[in-house]
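Hi everyone, thanks for coming. I'd like to walk you through a structure that is probably new to most of you, so let's get it up on the screen.

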Amino acid sequence: MNGGGGGPSHSAAAARTLERENNRLTEDLAMKLKSLKGIAVDMRDEAESQNSFLGSFADDFNDTDSLLGKTRKRLEHAITAGPKNRQVLCYMVLGAVFLFLFLYYIVGSIHFSGGGET
């Protein structure tokens with residue numbers, strides 16, 4: 001059987017070993033917590049950035065809605081103003097259609113004529 005001679009030094013060595021292990025695990029845990037805190041701060045910053053970005057989109061959509069509303073009111077006024085304005089509006093629409101077709105033809109002919117040379 002073990003005598004009383006090795007007991008106190010053995011338990012002191014075990015206590016020191018346990019203390020070192022506890023300190024090492026505490027430091028490891030502190031490093032992990034620091035890393036998690038950094039990730040949480042980054043996530044908060046990113047969320048704030050995204051909210052600001054989405055807020056600017058909302059402002060842009062409101063501005064566009066306002067602009068389209070004003071355009072719609074002007075168009076309604078032009079249509080209801082009388083036959084003379086309707087005739088001018090019809091010429092403008094026809095001119096825009098012909099301009100579009102002309103530009104479409106020009107772009108198509110440039111695209112096809114330069115397609116083989118690279």
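So, to kick off: about how much area does the protein chain expose, and what share of it do carbon and sulfur atoms supply? The chain exposes about 10800 Å², and 65% of that is supplied by carbon and sulfur atoms. One thing to keep in mind throughout: this is a predicted model.

Okay, the overall layout. The secondary structure of the protein chain comes to two helices and zero strands. Helix 1 covers residues 7–80, and helix 2 covers residues 83–113. How many of the residues count as buried? Of the 118 residues in the chain, 2% do.

Let's talk about rings. Searching the whole structure turns up three aromatic pairs. Take Phe 57 and Phe 61: their ring centres sit 6.2 Å apart and the planes make an angle of 20 degrees, so this pair is stacked. A stacked pair needs planes under 30 degrees apart. Both of these residues belong to helix 1, and being four residues apart puts them about one turn of the helix from each other. Are they buried or exposed? Well, Phe 57 counts as partly exposed, at 36% relative accessibility, while Phe 61 is exposed, with a relative accessible area of 56%.

Now look over at helix 2, where Phe 100 and Tyr 104 both lie. Their ring centres are 6.3 Å apart and their planes are at 25 degrees, so here we have a stacked pair as well. Once again the spacing is four residues, about one turn of the helix. Both Phe 100 and Tyr 104 are exposed; for Phe 100, the relative accessibility is 56%.

Back in the phenylalanines for a second: which residues make up the aromatic cluster with Phe 57 and Phe 61? Phe 53 joins them, and the three form one cluster.

And Phe 100 and Tyr 104 have company too. They belong to a nonpolar patch on the surface. The other members are Tyr 91, Val 93, Leu 94, Val 97, Phe 98 and Leu 101. Together, the residues of this patch have about 900 Å² of accessible area.

Right, on to charges. As a bit of background, side chains of opposite charge can pair when their charged atoms come close. How many salt bridges does a search of the whole structure find? Five, and I'll show you some of them.

Start at Arg 44. This residue makes a salt bridge with Asp 45, where the closest N and O atoms are 3.1 Å apart. Arg 44 also meets Glu 48 in a salt bridge, this time at 3.9 Å, N to O. For a salt bridge the cut-off is within 4 Å. Why are Glu 48 and Arg 44 separated by about one helical turn? Because they are four residues apart in helix 1. Put those contacts together, and Arg 44, Asp 45 and Glu 48 are linked in a network of salt bridges.

How accessible are the members of that network? Arg 44 counts as partly exposed at 47% relative accessibility. Asp 45 is partly exposed too, at 36%, and so is Glu 48, at 48%.

Last stop: further along helix 1, Glu 76 and Arg 72 are four residues apart, so about one helical turn separates them. Their side chains meet in a salt bridge of 3.0 Å, N to O. Glu 76 is partly exposed, with a relative accessible area of 40%, and Arg 72 is partly exposed at 46%.

To wrap up, then: two helices and zero strands, three aromatic pairs and five salt bridges. That's my tour. Happy to take questions!

Notes. Residues are numbered from 1 along each chain as its sequence is written. This is a predicted model: local features need pLDDT of at least 70, side-chain atom pairs count only at pLDDT 80 or more; totals for chains, interfaces and linings use all residues. Side-chain values use heavy atoms; hydrogens and water are left out. Rings of Phe, Tyr and Trp (its six-membered ring) pair if their centres lie within 6.5 Å; planes under 30 degrees apart count as stacked, over 60 as edge-to-face and the rest as tilted. Buried means under 20% relative accessible area, exposed over 50%, partly exposed in between (1.4 Å probe, protein chains only). Patches are made of residues with over 30% relative accessible area and no salt bridge: like charges are joined within 9 Å, nonpolar side chains (Val, Leu, Ile, Met, Phe, Trp, Tyr) within 5 Å. Accessible areas come from the Shrake-Rupley method with a 1.4 Å probe; for residues, only the protein chains shown count as cover.
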